[in-house]
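Subject: Structure handover

Hello,

Here is the structure we spoke about. Please open it alongside this note, and then read on for what was found.

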Amino acid sequence: MDEGIHHLAKYFPRPREGEEIPIQFIELQKKIAAWSPEKKRTLYLDDAKNIEGLKRVRETNLLKVYNWISGHESIIELTGAEREQFEEVMELLLKNGGEIRYTRKKSGRKMVNQFRLVENTVYNTDVRRQCLAEKL
């Protein structure tokens, strides 16, 4: 894979400002997210029962998508406002069709997840059925 787009094909992709990833929606779940100092990573829990020893405990939305750059599933963590913006784009997709693109934009000191709808880039054409032997 091209070294310049490797970061777009990760399980938790983080596009730079101006970069876009074509995605397809799979699932959206509410989870409890917490930082584990022991494991040095964020853990996603279904409930807040065993949160002892964890830091920065918060409720979050996990968006599971098919990442067309990697050809695999990816996870995007969304805030409440980002979830609303994604749901608006999903409604437009269901009405008009097209393709969802995921990007991030700088808002103050933070990067904010954003989604936009792009019209279908595949055009309907008449394809004539013929055998390969006829072409040769």
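Which residues are linked with Arg 101 in a network of salt bridges? They are Glu 20, Glu 99 and Arg 116. More on that network below.

Some ground rules. This is a predicted model, in which local features need pLDDT of at least 70 and side-chain atom pairs count only at pLDDT 80 or more, while totals for chains, interfaces and linings use all residues. Residues are numbered from 1 along each chain as its sequence is written, and side-chain values use heavy atoms, with hydrogens and water left out.

Overall fold

The chain has two helices and six strands. Helices are DSSP runs of H or I with at least four residues, strands are runs of E with at least two, and both are numbered from the N terminus. Read from the N terminus, the order is β-β-β-β-α-β-β-α. The chain has 136 residues, and 29% of them count as buried. Buried means under 20% relative accessible area, exposed means over 50%, and partly exposed lies in between (1.4 Å probe, protein chains only). The chain exposes about 10200 Å². Carbon and sulfur atoms supply 48% of that area. Accessible areas come from the Shrake-Rupley method with a 1.4 Å probe, and for residues only the protein chains shown count as cover. Take the contacts in the chain with a separation of 6 or more: 52% of them are between residues 24 or more positions apart. Contact means heavy atoms within 4.5 Å.

Strand 1 and its partners

Strand 1 covers residues 21-36. Two strands pair if DSSP finds at least two bridges between them.
- Strand 2 (residues 41-45) runs antiparallel to strand 1, with five bridges. Ala 33 stands opposite Tyr 44 here. The two strands form a hairpin with four residues between them. Lys 40 in the turn has a positive phi of about 55 degrees.
- Strand 3 (residues 55-67) pairs with strand 1 over 11 bridges, also in the antiparallel sense. Ile 32 has Glu 59 as its bridge partner.
- Strand 5 is joined to strand 1 by three bridges, again antiparallel. Ile 21 faces Tyr 102 across this pairing.

Salt bridges

How many salt bridges does a search of the whole structure find? It finds nine. A salt bridge is a side-chain nitrogen of Lys or Arg within 4 Å of a carboxyl oxygen of Asp or Glu. Glu 20 bridges to Arg 101, with the closest N and O atoms 3.3 Å apart. Glu 20 lies in the segment before strand 1 and Arg 101 in strand 5, so this pair ties together parts 81 residues apart in sequence. Arg 101 also meets Glu 99, at 2.6 Å from N to O. Both of these acids are on the partly exposed side of the scale: Glu 20 has 24% relative accessibility, and Glu 99 has 26%.

Elsewhere, Glu 27 and Lys 64 form a salt bridge at 3.6 Å, N to O. Glu 27 is in strand 1 and Lys 64 in strand 3, so the pair ties together parts 37 residues apart in sequence. Glu 27 is partly exposed at 30%. Lys 64 is partly exposed at 23%.

A buried charge

Glu 82 sits in helix 1 (residues 80-96). Is Glu 82 buried or exposed? Glu 82 is buried, yet has no salt bridge. The nearest side chain of opposite charge is Arg 104, 7.8 Å away. Lys and Arg count as positive, Asp and Glu as negative; His and the chain ends are not counted. Beyond its neighbours within four places in sequence, Glu 82 contacts Glu 77, Val 112, Asn 113 and Phe 115.

Aromatic pairs

There are six aromatic pairs. Rings of Phe, Tyr and Trp (its six-membered ring) pair if their centres lie within 6.5 Å; planes under 30 degrees apart are stacked, over 60 edge-to-face, and the rest tilted. The ring centres of Tyr 66 and Trp 68 are 4.7 Å apart with planes at 75 degrees, so that pair is edge-to-face. Tyr 66 is partly exposed at 27%, and Trp 68 is partly exposed at 47%. Ring pairs also link Phe 25, Phe 86, Tyr 102 and Phe 115 into a cluster.

Best wishes
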